[in-house]
Amino acid sequence: MKQEMISSERKAVVYVRASTDKTKQKNSHSVQMAIIEDFTQSNGFVIAKVVCEYASGTTCDRTGFLEAVAFARDNNCYLITYRADRLARTLDVFSHIKPIFDRVRFVELGDRALDPLMFSVLIGMSSQESRVISLRVKAGIEAAKKMSIAAEGKDTSGQETSKSI
């Protein structure tokens, strides 16, 4: 189907994001796309553009995100993403999507316009989840370092310890 024949009312840009590179999250983009494609077909959307990127959602300074928002704004189309946390993990996102807010869809919520309260709760939860994940990863790295040092017969400062028999 030619681009000119797509109804602007149901035309969509799809935004897919994963936090780390494809070696660590090799299936993330394809899983999100499969779910989104099913959603768009079931709800009468036509995908006009797909934007995928590997970037942290804790900032809005993301090339793909800004490209998807600009495309939705400039082409009067919907912005569809799998879940709120795939769009962003910061409430700063609202200033970027405000002009298209009524055309943003999260597959997890279905084909309905977002309510500002629901949006802020979902993004707020995503932001908190990001902080918790970061703390857990840092704690895990620290624990692994301590275990490694202990296995080498050193104390937590890296100094040799005496072994008793």
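## Overall makeup

The protein chain exposes about 9,800 Å², and carbon and sulfur atoms supply 54% of that (areas by the Shrake-Rupley method with a 1.4 Å probe; for residues, only the protein chains shown count as cover). This is a predicted model: local features need pLDDT of at least 70, side-chain atom pairs count only at pLDDT 80 or more, and totals for chains, interfaces and linings use all residues. Residues are numbered from 1 along each chain as its sequence is written, and side-chain values use heavy atoms, with hydrogens and water left out.

You'll find 5 helices and 4 strands here (DSSP runs numbered from the N terminus: H or I of at least four residues for helices, E of at least two for strands). Along the sequence they run β-α-β-α-β-α-α-β-α. Of the 165 residues, 36% are buried (under 20% relative accessible area; exposed is over 50%, partly exposed in between).

## Inside

The largest nonpolar core (buried Ala, Val, Leu, Ile, Met, Phe, Trp, Tyr and Cys joined through side-chain atoms within 4.5 Å) has 24 residues, and Leu79, Leu87, Val93, Ile97 and Phe119 touch the most other members. Helix 2 gives the most to this core, 5 residues. Apart from it sits another core of 10 residues, including Val14 and Phe39.

## Outside

Now to helix 5 (residues 116-151), home of valine 121, which is partly exposed at 39% relative accessible area. Together with Leu117 and Met125, Val121 forms a nonpolar surface patch with about 310 Å² of accessible area.

Notes: Patch = residues over 30% accessible without salt bridge, like charges linked within 9 Å, V, L, I, M, F, W, Y side chains within 5 Å. Salt bridge = Lys/Arg side-chain N within 4 Å of Asp/Glu carboxyl O. Buried < 20%, exposed > 50% of the residue type's maximum accessible area, 1.4 Å probe, protein only.
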